[in-house]
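Student: Could you take me slowly through the helix packing in this one, along with the backbone and burial details around it? I'd like a close look rather than a tour.

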Amino acid sequence: MQKFDTLRSKLIPLPHNNIDTDQIIPARYLKVTDKSGLAEGLFTDWRYEDDGSPKEDFVLNDDRYQEANILLAGDNFGCGSSREHAPWALVGWGVQAVVSTSFADIFKSNALKNGLLPVVVDEETHQSLFDLTEEAPDAEVHIDLGAQEMTLPDGSTVEFPVDAFAKSCLLAGVDQLGYIQSFDEHITSYEQERAIFG
Amino acid sequence: MTQARTLFEKVWDQHVIVQEKASPAVLYIDLHLIHEVTSPQAFTGLRQRGLKVRRPDRTVATMDHSTPTTPLSVPMLDTQAASQLSMLEENCQEFGIELHKLGSKKQGIVHVIGPEMGLVQPGMTIVCGDSHTATHGAFGTLAFGIGTSEVEHVLATQSLLQHKPKTYEVRIDGQLARGVSAKDIILALLSKIGVHGGTGHVFEYTGSAIRGLSMEERMTVCNMSIEGGARAGMVAPDETTYEYLAGREFAPQGDEWDQAVARWKDLPTDEGATYDNSVTLDTSDLAPMITYGTNPGLGMQVTERIPDPDKLPNVNERQALEKALNYMALKPGQPLLDHPVDVVFIGSCTNSRISDLRLAAGLIKDRKVAEGVRMLVVPGSQSVKRQAEAEGLDEVFKNAGAEWREAGCSMCIAMNGDQLEPGQYAVSTSNRNFEGRQGKGGRTFLASPLTAAATAINGRITDARSMLQ
């Protein structure tokens with residue numbers, strides 16, 4: 001898994017609530033058997049006209065944000081399906097953190113397993129960040145996962161919560177399977193006891 | 001005296017193998033269902049690490065999402081989907097997993113075949129790389145959708161890391177009026193709590209209305225828990241559950257059955273147990289529901305008018321509704337009754353079981369699908385299909401002018417050839433009305449099988465109660 005410690009970037013504003021995983025990547029892109037190439041499908045129906053040309057008014061087509069890595073999205077980001085293709089597509093495009101007031105459970109779990117940081121902020125901060133993207137679209141914020149802090153252009157900081165276990169995995173760039181495997185003996189004895197009781 | 005616990009807490013406690021401080025629990029998984037779309041990368045991961053599937057005997061595979069619903073004799077033109085299917089077959093062969101592939105007798109939608117084979121039993125933990133795994137909670141199981149990384153974890157260890165979710169009682173009391181069904185209950189709940197009312201929680205559906213539902217109806221309700229943000233939704237097992245399970249292929253038999261039932265009877269929530277959150281719904285005045293927007297929480301009674309965004313207090317909600325109505329090409333204040341539709345879809349893991357098909361066929365019998373309307377009826381499994389054909393339901397649908405298909409996810413997910421054209425309107429018994437969900441540019445109204453059938457006949461959105469004798 002991609003390691004995550006700090007990140008400095010502009011915020012890509014996508015001010016819609018309840019952005020579902022079918023928007024992040026439509027099901028017709030799920031016929032792949034590996035994780036690569038999904039960036040092409042990211043927000044594809046919002047990003048491209050029917051003839052395949054880029055929609056000029058869609059934020060990911062704005063030259064300003066081609067190198068940006070932080071998506072600023074509306075409430076309840078990532079609702080809907082369990083497809084891990086959603087974080088794969090975001091990461092494939094270059095998104096490394098998503099800032100919102102809330103995330104759907106499965107999306108959040110999937111994101112954290114792919115080096116994609118969900119940053120939860122309160123409504124007031126959320127609105128001020130959208131204001132910032134209008135007033136100073138080139139301004140950058142700095143995310144420090146170790147400190148669980150986001151520094152805004154004016155120097156002020158905002159704390160954000162991260163599950164301690166997921167945080168240590170992200171900082172080290174290790175996935176969670178090794179941790180489960182370390183309990184192999186426990187799993188075996190659990191299975192044996194369950195077999196006795198049926 | 002032990003502390004009073006909820007159904008969820010009992011199942012959770014029974015499956016925690018290890019709980020270290022400040023870490024998620026290591027949770028044992030009793031049954032792992034897999035399908036072709038969310039498993040290939042997990043098997044690749046296993047191979048890269050040189051791992052085996054720990055419990056192939058607790059893993060069951062089917063093909064459903066990217067499969068065409070045309071007969072097997074029709075060549076499969078989508079080479080990408082075909083390669084995904086053959087990869088599942090190779091993976092199952094190599095790792096020793098039972099696969100119900102296309103053309104086999106037990107193939108079908110993963111959330112339809114698990115219960116019908118009796119694999120799903122009260123008190124179990126069940127996962128699948130699909131968010132509608134919540135369906136199986138109807139049996140008093142803890143069942144939830146997982147991502148592909150987690151599919152790999154479960155394949156390798158039969159365990160999963162999970163933080164304990166909060167509990168949420170969804171109490172649904174009252175009688176159901178004629179023409180009103182389980183689908184209307186869940187759509188009404190979603191319109192009340194919204195699409196993230198249940199985030200971080202596991203629903204437990206309680207109350208007299210839930211007790212009165214059949215297992216198939218309970219599955220319809222639990223199926224859409226995820227549309228309210230809850231990863232799982234559960235119903236405590238009772239006589240209805242045992243009656244459904246008894247005699248099914250993988251259900252315990254003889255003495256083992258009696259012992260199992262005795263264990264299952266300990267599962268219901270103890271008196272005095274408390275939930276972190278709760279909501280109540282009375283079904284007595286419930287009418288058929290339909291969605292008008294682009295998430296399942298944007299629903300109303302079929303006789304109501306579309307709400308006006310300007311009357312919403314919250315600016316975000318106002319903008320969201322405006323965007324949804326813009327996509328749907330609908331106006332505030334407009335009724336949906338008599339709105340023309342192009343397609344009617346009866347199917348999906350929400351409403352493709354035999355009772356759903358019986359309801360729809362009962363209304364369609366001796367009637368015709370309106371001219372210009374395409375009606376697609378897709379049974380949830382080969383077993384449902386055979387049963388329907390034995391009852392002559394296929395003839396009812398075909399005589400009316402509907403298409404009778406092979407089992408699969410079909411137009412619910414539009415990755416298999418069954419899809420809407422841009423701009424088309426559909427009444428669909430599936431679970432998601434997201435933009436483009438049923439095909440790019442397609443517009444979905446979610447509703448019950450009865451509403452769908454009535455709409456197919458009139459070619460316009462119809463209150464099915466007006467057509468019931």
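Tutor: Let's get chain A out of the way before we zoom in. If you take contacts in chain A between residues at least 6 apart in sequence, 66% of them join residues at least 24 apart. Chain A holds eight helices and seven strands, and 58% of its 198 residues are buried. Along the principal axes, the C-alpha atoms of chain A fill a box of roughly 65 × 45 × 25 Å.

The close-up itself is in chain B. Keep in mind that this is a predicted model. The predictor gives an ipTM of 0.97 and a pTM of 0.97 for the complex. For chain B, the mean pLDDT is 97, with 100% of the residues reaching 70 or more.

Start with helix 2 (residues 40–49) of chain B and helix 5 (residues 148–157) of chain B. Their axes come within 8 Å and cross at roughly 50°. An angle under 35 degrees would count as roughly parallel, so at this crossing helix 2 of chain B is oblique to helix 5 of chain B. As for the hand, the crossing of helix 2 of chain B and helix 5 of chain B is right-handed. Which residues do the touching? On the helix 2 side of chain B you have Q41(B), A42(B), F43(B), G45(B), L46(B) and R49(B), and they meet T148(B), V151(B), E152(B), L155(B) and A156(B) from helix 5 of chain B. Sorted by character, the residues of this contact come out as six nonpolar, three polar and two charged. If you're reading the spacing along a helix, remember that an α-helix has 3.6 residues a turn, so residues three or four places apart point the same way.

Now carry on past the end of helix 5 of chain B. Q158(B) sits in the loop between helix 5 and strand 8 (159–162) of chain B. Have a look at its backbone: phi of Q158(B) is near 55°, a positive value in a residue other than glycine. That's worth a second glance, since most residues other than glycine have a negative phi. Q158(B) has a relative accessible area of 0%, so it counts as buried.

There's another backbone angle of this kind further along, and it leads us to a second helix pair. S348(B) is in the loop between strand 15 (343–346) and helix 12 of chain B. Phi of S348(B) is near 85°, which again is a positive value in a residue other than glycine. At a relative accessible area of 1%, S348(B) is buried.

Follow that loop into helix 12 (residues 354–364) of chain B, which packs with helix 15 (residues 449–458) of chain B at an angle of about 30°, the axes being 8 Å apart. Helix 12 of chain B and helix 15 of chain B are therefore roughly parallel to each other. Their crossing is right-handed. Helix 12 of chain B puts D356(B), L359(B), A360(B), L363(B) and I364(B) into the contact, and helix 15 of chain B answers with P449(B), L450(B), A453(B), A454(B) and I457(B). The residues of this contact split into nine nonpolar, no polar and one charged.

What about helix 8 (residues 215–223) of chain B? Helix 8 is mostly covered, with eight of its nine residues buried. The buried residues are M215(B), E216(B), R218(B), M219(B), T220(B), V221(B), C222(B) and N223(B). Let's pick out C222(B), which has its place in that helix. C222(B) has a relative accessible area of 0%, so it is buried. Leaving aside neighbours within four places in sequence, C222(B) is in contact with A134(B), T135(B), G137(B), A138(B), Y205(B), G233(B), M234(B) and V235(B). T133(B) is 89 residues away along the chain from C222(B), and their C-alpha atoms are separated by 8.9 Å.

One last stop, this time in a strand. V60(B) is found in strand 4 (residues 59–62) of chain B. Its relative accessibility is 7%, so V60(B) counts as buried. With neighbours within four places in sequence set aside, V60(B) is in contact with L31(B), H32(B), L33(B), I34(B), I97(B), E98(B), H100(B) and L119(B). The C-alpha atoms of V60(B) and E304(B) are separated by 44 Å, and those two are 244 residues apart along the chain.

Notes. Residues numbered from 1 in each chain as written. Chains lettered and ligands numbered in written order. Predicted model: local features only at pLDDT ≥ 70, side-chain atom pairs only at ≥ 80, totals over all residues. Heavy atoms only, no water. Axes fitted to C-alpha atoms, helices over the stretch in contact; angles between N-to-C directions. Helix = DSSP H or I, 4+ residues; strand = E, 2+ residues; numbered from the N terminus. Parallel < 35°, antiparallel > 145°, perpendicular 65-115°, else oblique. Left-handed = near helix turned anticlockwise from the far one by under 90°. Contact = heavy atoms within 4.5 Å. Nonpolar A, V, L, I, M, F, W, Y, C, P; charged D, E, K, R; others polar. pLDDT = per-residue confidence, 0-100. Buried < 20%, exposed > 50% of the residue type's maximum accessible area, 1.4 Å probe, protein only.
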